[in-house]
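Here are some exercises to work through with the model open in your viewer. Try each task yourself before you read the solution.

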Amino acid sequence: MSDHELDARNLLCPMPVIRVQNKVNQLQAGDILTVYCTDPGVKQDIPAWCRINGHALVGEPEERDNDIILTLRVGD
Amino acid sequence: MTKQYKAVSLISGGLDSMLATQLVLAQGIHVEGINFFTGFCVEGHTHAIRKHDKNKVKRNNALWVAEQLGIKLHIIDIVEEYKNVVLNPKHGYGQHVNPCLDCKIFMVGKAKAWMEAQGFDFIITGEVIGQRPMSQLAKRMPIVAAESGADDRLLRPLCAQNLAPTLPEREGWIDRAQLKDFSGRSRKPQMALAKSFAIDDYAQPAGGCCFLTDKNYATKLQDLWQARKKRDYELDDIMLLKVGRHLRPTENFKLIIGREEGENNYLSGYRKQFTSMRVLDHEGPLALVDGTPTAEELHLAARITARFSQGRDAQNVEVGITTDSGSAHTLNVQPLPADELPKAWYV
Ligand code: SF4
């Protein structure tokens, strides 16, 4: 299990979701991925993507400076 | 044990692909969705950019549909490859710059490759005969199956009974009797079917599933090609066509002016790629300059930008100009009077 980060700033949905999906495909179950975004659409889309594909969102989306930060745990 | 058959469904986010998928799911088939991002999709972006849409839920319809159906969704970035579809459609365009037939062939072809790579058995689309877009016209239906290479592994559950039986039907993986015979433009059968599945909250796309069917958007795209004397585009170009007012006062340059704060913020993300300007002594929008204006034209651009600021009635305003490389200077200009801004400049 390891921690990873992804910069999806300045991308509009669904690009951040696509980036997350492609990154998660390279990770192992249980890995933690923190994603940095700017498009508010991700607050809906990334959690929806996680629910559909069996990954878990860790905590609530967080807003810091101009970033929207989401953390997820990769499912099986 | 009987084999669990698997289908990949092209999910657009609209009602038809949702219903087509549900019909197949109801027959015990394992279905996963695939959604293609071309850059022209009517999803998310514009909603996310413009503030007045802030109260609307900015959901991605394809993700939402997948969640309602309880299926996985794979979103695939086809921006680069899709250029060839838009720029050189073998079967031509529809009403605007929408290469619908080539687009369908391309997407079904992609789905076929995905199906083979993942060990799936067939492909589902929500196409209905005699309904727009143009690839859905009856005589053209076989072209998509043939040219995509999907052949009889392409199932259209909503109109399957009007077509020759496909492999999944012939082999008994799926019961043809439970598929539909929809045709024509009427949306009533779809609505009734939606009701029978208790689906009541679905996206109603006006026109088409992408911006290429939008008249204003098509005009902007053609203007871009004409101005650059080259039919080509980058993802940033086509995203910017969805944002702001676009004015082309001369051949040499175009101004993209934010219409409100959300758009200004979005445009400001492009300040390293374009010369940008903003009125300094009044509230006003951010404007990007696309092209290579002469000094005189840059002065005109500043006057136009001033026209859209709160200082429009002032004698003179200060306009800050920053080039893409970051060097900045200021112009003191008279805002362009309304009657000197011809409608023809609006792209
Ligand atoms: S409307 Fe756009 S996405 Fe839909 S088939 Fe036509 S070109 Fe493709």
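The exercises below concern a predicted model, and each is followed by a worked solution.

**Exercise 1. The ligand shell**

Task: Find how many residues surround the ligand, and sort them by class.

Solution: Start by collecting the neighbours: 8 residues surround the ligand. The closest are B:Cys100, B:Cys103, B:Cys209, B:Cys210 and B:Thr213. Next, sort the shell by class, which gives 7 nonpolar residues, 1 polar residue and no charged ones.

**Exercise 2. Classifying ring pairs**

Task: Decide what kind of pair the rings of B:Trp114 and B:Phe120 form, and then do the same for B:Tyr270 and B:Phe274.

Solution: As a starting point, the structure holds 10 aromatic pairs over all chains. Take B:Trp114 and B:Phe120: their ring centres are 5.0 Å apart and their planes stand at 70°, so the pair is edge-to-face. The cut-off needed here is that planes over 60 degrees apart count as edge-to-face. Now turn to B:Tyr270 and B:Phe274, whose ring centres lie 6.3 Å apart with planes at 65°, so this pair is edge-to-face.

Then check burial, for which the limit is under 20% relative accessible area. B:Trp114 has 12% and is buried; B:Phe120, with 9%, is buried. B:Tyr270 and B:Phe274 are buried as well.

**Exercise 3. A ring cluster and charges over rings**

Task: Which residues do ring pairs link into a cluster, and over which ring does the charged end of B:Lys83 sit?

Solution: Follow the ring pairs from one residue to the next, and you can trace a cluster of B:Phe40, B:Tyr82, B:Phe106, B:Phe211, B:Tyr217 and B:Tyr233. From B:Tyr233, look for a charge: the charged end of B:Lys83 sits over the ring of B:Tyr233, 5.8 Å from its centre. Finally, visit B:Trp225, where B:Arg231 lies over the face at 4.5 Å from the ring centre.

**Exercise 4. The interface of chain A and chain B**

Task: Describe the contact in terms of residues, buried area and salt bridges.

Solution: Count the residues on each side: chain A brings 17 and chain B brings 20. Then take the area buried between the two chains, about 1700 Å², with carbon and sulfur atoms giving 66% of it. On the chain A side, A:Leu12, A:Pro14 and A:Ile52 supply 33% of the area that chain A buries against chain B, more than any other three residues. Last, look for salt bridges: there is 1 across this interface. The side chains of B:Glu67 and A:Arg51 meet in a salt bridge, at 2.4 Å from N to O.

Terms used
Residues are numbered from 1 along each chain as its sequence is written. Chains are lettered from A and ligands numbered from 1 in the order in which they are written. This is a predicted model: local features need pLDDT of at least 70, side-chain atom pairs count only at pLDDT 80 or more; totals for chains, interfaces and linings use all residues. Side-chain values use heavy atoms; hydrogens and water are left out. A residue is near a molecule or strand if one of its heavy atoms lies within 4 Å of it. Ala, Val, Leu, Ile, Met, Phe, Trp, Tyr, Cys and Pro count as nonpolar, Asp, Glu, Lys and Arg as charged, and the others, Gly among them, as polar. Rings of Phe, Tyr and Trp (its six-membered ring) pair if their centres lie within 6.5 Å; planes under 30 degrees apart count as stacked, over 60 as edge-to-face and the rest as tilted. Buried means under 20% relative accessible area, exposed over 50%, partly exposed in between (1.4 Å probe, protein chains only). A charge sits over a ring if NZ of Lys or CZ of Arg is within 6 Å of the ring centre and within 35 degrees of the ring normal. Contact means heavy atoms within 4.5 Å. Buried area is the accessible area (1.4 Å probe) that two parts lose on being put together, summed over both. A salt bridge is a side-chain nitrogen of Lys or Arg within 4 Å of a carboxyl oxygen of Asp or Glu.
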